[in-house]
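Let's take a look at how charged side chains pair up in this protein, and at how one helix sits against the rest. Have the model open while you read.

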Amino acid sequence: MTRAVVFAYHNVGVECLKVLLKHKIDVALVLTHTDNPSELIWFDSVAELCRKHDIEANTPDDANTPDIVDRIRALNPDFIF
């Protein structure tokens, strides 16, 4: 099975993630922004879609930290989107 790590946010991120799931891609990790509960959110939530599909979602302040890079490396994805 093809494995992917996905960086996604907003409607574009949700739609792209849905396409990957439709094509049975193993989405091992999603990196996204934290949804702000005090903001009037008019777009779809990547984090919510991840919860619905039991996909690990991480919301780091900086995705270039050694911890995140090591996590991605350990997952050994075929693709990073």
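Glu56 is partly exposed, because its relative accessibility is 35%, between the 20% and 50% cut-offs. This is a predicted model, by the way. Glu56 has a partner: it forms a salt bridge with Arg71, and the closest N and O atoms are 2.4 Å apart. The two come from distant parts of the chain, 15 residues apart, with Arg71 in helix α3 (residues 66–75) and Glu56 in the loop between α2 and β3 (57–58). Arg71 also counts as partly exposed, since its relative accessible area is 32%.

How many salt bridges does the structure hold? There are five. Here are three of them, including the pair you've just met:

| Pair | N to O distance | Where the residues lie |
|---|---|---|
| Arg71 and Glu56 | 2.4 Å | helix α3; loop between α2 and β3 |
| Glu48 and Arg51 | 2.9 Å | both in helix α2 |
| Arg73 and Asp70 | 3.2 Å | both in helix α3 |

Now for the pair in α2, a helix that covers residues 46–52. Glu48 and Arg51 sit three residues apart there, about one turn of the helix. Glu48 is partly exposed, at 32% relative accessibility, while Arg51 is exposed, at 53%.

Over in α3, what separates Arg73 from Asp70? About one helical turn, because the two are three residues apart in that helix. Arg73 counts as exposed because its relative accessibility is 57%, and the cut-off is over 50%. Asp70, with a relative accessible area of 44%, is partly exposed.

Let's stay with α3 and turn to its other residues. Which ones are buried? Ile68, Ile72 and Leu75 are. If you look down the axis of α3, these buried residues fall within an arc of 60°, so they line one face of the helix. And what do they pack against? The buried residues of α3 pack against four strands: β1 (3–7), β2 (26–31), β3 and β4 (79–80).

Spin the helix around and you get to the face turned away from the buried side, which carries the exposed residues Pro66, Asp67, Arg73 and Ala74. You'll recognise Arg73 as the salt-bridge partner of Asp70.

One last stop: just after α3 comes Asn76, which takes a positive phi of about 50°.

Notes:
Residues numbered from 1 in each chain as written. Predicted model: local features only at pLDDT ≥ 70, side-chain atom pairs only at ≥ 80, totals over all residues. Heavy atoms only, no water. Salt bridge = Lys/Arg side-chain N within 4 Å of Asp/Glu carboxyl O. Buried < 20%, exposed > 50% of the residue type's maximum accessible area, 1.4 Å probe, protein only. Arc of directions from axis to C-beta. Contact = heavy atoms within 4.5 Å.
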